[in-house]
Each structure stands twice: as structure tokens, then as C-alpha cells.
Amino acid sequence: MPAITVEDTLVLPRISLPNPTSRSRPVGKVVTSRREAEGAGFVVARPFPGDLSLAQADPFLLLDHVGPLVNAPGEAKGAPWHPHRGIETVSYILDGEIAHHDSNGGGGVIAEGDTQWMTAGGGILHDELPSERAYRNGGPFHAVQLWVNLPPALKMTPPRYQSITRDGLRLLTSDDGGALIRLIAGNLAGFDGPGVTHTPITYAHVTLAPGAELSVPWSPDFSAFAYVLTGRGTAGEEQRPIESDQLVVFGPGDRVVVAAAGGKAGPLDVLLLGGLPIRAPIVHYGPFVMNTREEILKAIEDYQ
């Protein structure tokens, strides 16, 4: 998988094995993504919302996974101009590139390995479209967009834009060097990612070599999920089988375990994510996510 990689993981800082007395989080549920059409007609794999309720996904609201795929020339599609309020959108590009523009004057090309972190807050308009080069030439594309909820006190915070380039990611490895960990935001085993978050979360992209296992400490106050981008493996000490486009919902505990299948199965690419639940009422209408119906009506009125 493209994204950012290194030839020798053993040169990277290593995450120490968790305390042996720590409690591994059991697998509470495995959710298989639904296929949905979005934007100008591209198809996403969406593990939530759907079979996983917003209360179970807290503090996240949506996860959309596009690809991996190869577009023919003129085939790439995107999401034309649309609004957001009350959330943060986090777009992580594993392969290919997209162009972005917003009503705050932000924008540019988000390339392979880059992350665009957009705080909509009180309101923003933006688009996410194939770059001219990607549209004309076609080529591989693979991306994920995560929506992070904002707590009630920050729903109307001023919009903010963060561009996290591939070179800005914190790269780590497991104790035995079998995993390449790209930490996008939050804290993992004492290491901090570059993303600045309003809501406390941890978000990382992990590539596990065939047969490798990753066991990492995880805040017991955080929710914990693993989403399989590509490959096969297992989750939890109970070794629950998992495969592409599936989301693992972990139960309580203070460490998370994932492992890649051995043999000729190839590497396992997963997103590890979780955060401090907000536990506030959620009222949503399309791209607006607030706490009351009155706030949604105000968002629609302001947009109009």
C-alpha cells in the first residue's frame, strides 16, 4: 500500500510492550461496511453510521472508505461544494490526490499520505474534487474520511484548517519491528501525533507484516475501534477473524491487540481510532450535526 512507508522499520522509535498486568480489550462487535453512493456518484464503504449507532461510535460520527481502486482518465469523481457545521472532517489520502477549497480561503492539493483536518465549527462551505491531473490521467485512488463530533461548548467554534503532510506524521514501530505505525493525531504509548484536536482522540494507520501482532496501550476512558483497510487478520486476544471493510468495536480494557494473517495473506492495513466519548444529545441533518432541533433549523437558515 502506498501512503508513507520506510524500508527498515527498526530505525523507528519502538512502542514498548504493554504491562503484562494490563487488560486486553475484548472484541464486542464486528461490523461489515455498507456500500453507499456519495458526492457526484463515487461509492464508499461505510461501517458507521448504520449497524453501529452514533452512541456506540462516540465521539465519531461517520467513517467513509473509498478504494483502493483505479480510475480511468475522466472517471474520477468528488464531492462538489457543500456545507458543514458542528463537526470536524478528517480526510486521509493513502493513494492518489484530491483538490480542496473552502469558504475560509483554505485549500490546495491533498496528496498521497497527506491528511486534511478541517474544523467546520460554526459553519464552512467546501468541496473535495479530483485534481486536474487525477481527472485527466486517472490512476489509483484510496482515501478515508472520518467525522469527529464537537462537544456542545465548541459546536460554534471558529472554522480551522490543518494540513498534515506525509512528512509530518509521527512514524513508529512495534517492539519487534513487525508494524509500521503512522500516528496522525492523539497519543499512542507516550508518542504524540501532529493533529491538533478539539475532542481528545487517537488516530493511526498501521501496516502489519504477515504474521505480525501489535499490542498497544489504550486509554481506558477512550472508545476503541480498528477498521480494516486491506488484508486479513485477527482482533483481540481471542483472535476474532477480520478482513477488508470491517470495523472492530472493542470492549473495556487498557490495551488493544490486532494481528495480520500469516503465510501468503500479505500485510494487514488497519486504522486504529478511539476517543473520549462526548455523551451529548445528537441531532443531525445531512452535513449539520448539533445538539438540538432548534440548532439544526438555525444552521439551515444560516446556510440559506
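## Starting from Val249

Valine 249 sits in strand β22, which runs over residues 246-250. This is a predicted model, and in it valine 249 comes out buried, with a relative accessible area of 12%. Set aside the neighbours within four places in sequence, and valine 249 is in contact with Pro26, Val27, Gly28, Lys29, Leu52, Ala224 and Phe225. For a sense of scale, take alanine 99: valine 249 is 150 residues from it in sequence and 32 Å from it in space, C-alpha to C-alpha.

## Aromatic pairs

How many aromatic pairs does a search of the whole structure find? It turns up three. In one of them, the rings of phenylalanine 60 and phenylalanine 225 have centres 6.2 Å apart and planes at 65°, so this pair counts as edge-to-face. Phenylalanine 60 belongs to strand β4 (residues 60-71) and phenylalanine 225 to strand β19 (residues 225-230), so the pair ties together parts that are 165 residues apart in sequence. Both rings belong to buried residues: phenylalanine 60 has a relative accessible area of 1%, and phenylalanine 225 has 2%. Phe48 joins Phe60 and Phe225 in one aromatic cluster.

Another pair is made by phenylalanine 288 and tyrosine 303, with ring centres 6.3 Å apart and planes at 65°, so it is edge-to-face. Here a strand meets a helix: phenylalanine 288 is in β26 (residues 288-290) and tyrosine 303 in α3 (residues 293-303), so the pair links parts 15 residues apart in sequence. Is each partner buried or partly exposed? Phenylalanine 288 is buried at 5% relative accessible area, whereas tyrosine 303 is partly exposed at 45%.

## The nonpolar cores

The largest nonpolar core has 32 residues, and those with the most contacts inside it are Phe48, Leu52, Phe60, Leu146, Tyr203, Leu247 and Leu271. Not counting residues up to four places away in sequence, phenylalanine 60 touches a list of residues that includes Phe48, Leu146, Trp147, Ile201, Phe225 and Leu273. There is also a second, separate core of 29 residues, with Val206, Leu208, Ala212 and Val248 among them.

## The largest pocket

The largest pocket has a volume of about 1000 Å³. Its lining takes in 47 residues, and Phe42, Val44, Val66, Gly78 and Ala79 are the ones nearest the centre. By class, that lining breaks down into 24 nonpolar, 14 polar and nine charged residues.

Which element gives the most to the lining? That would be β11, with seven residues. Elements that each supply at least two lining residues include β3 (42-48), β4, β5 (79-84) and α2 (132-137).

## Backbone oddities

Most residues other than glycine have a negative phi, and most peptide bonds are trans. A few spots here are worth a look against that background. The peptide bond from aspartate 58 to proline 59 is cis, with omega near 10°, and proline 59 lies in the loop between α1 (54-57) and β4. Glycine 67 to proline 68 is also a cis bond, with omega near 0°; proline 68 is placed in strand β4 itself.

On the phi side, glutamine 239 is not a glycine but has a positive value of about 60°. Glutamine 239 lies in the loop between β20 (232-235) and β21 (240-243) and is exposed, at 53% relative accessible area. Aspartate 245 has a positive phi too, about 70°, again without being a glycine. Aspartate 245 is in the loop between β21 and β22, and at 13% relative accessibility it counts as buried.

Definitions and conventions:
Residues are numbered from 1 along each chain as its sequence is written. This is a predicted model: local features need pLDDT of at least 70, side-chain atom pairs count only at pLDDT 80 or more; totals for chains, interfaces and linings use all residues. Side-chain values use heavy atoms; hydrogens and water are left out. Rings of Phe, Tyr and Trp (its six-membered ring) pair if their centres lie within 6.5 Å; planes under 30 degrees apart count as stacked, over 60 as edge-to-face and the rest as tilted. Helices (H or I, at least four residues) and strands (E, at least two) are DSSP runs, numbered from the N terminus. Buried means under 20% relative accessible area, exposed over 50%, partly exposed in between (1.4 Å probe, protein chains only). Contact means heavy atoms within 4.5 Å. A nonpolar core is a set of buried Ala, Val, Leu, Ile, Met, Phe, Trp, Tyr and Cys residues joined through side-chain atoms within 4.5 Å. On a 1 Å grid over the protein atoms alone, a cavity is a set of points where a 1.4 Å probe fits but cannot get out, and a pocket is an open set with protein on both sides within 12 Å along at least five of seven lines; lining residues have an atom within 4 Å of a point. Grid points are joined across faces, edges and corners, and a volume is the space filled by probe spheres set on the points. Ala, Val, Leu, Ile, Met, Phe, Trp, Tyr, Cys and Pro count as nonpolar, Asp, Glu, Lys and Arg as charged, and the others, Gly among them, as polar.
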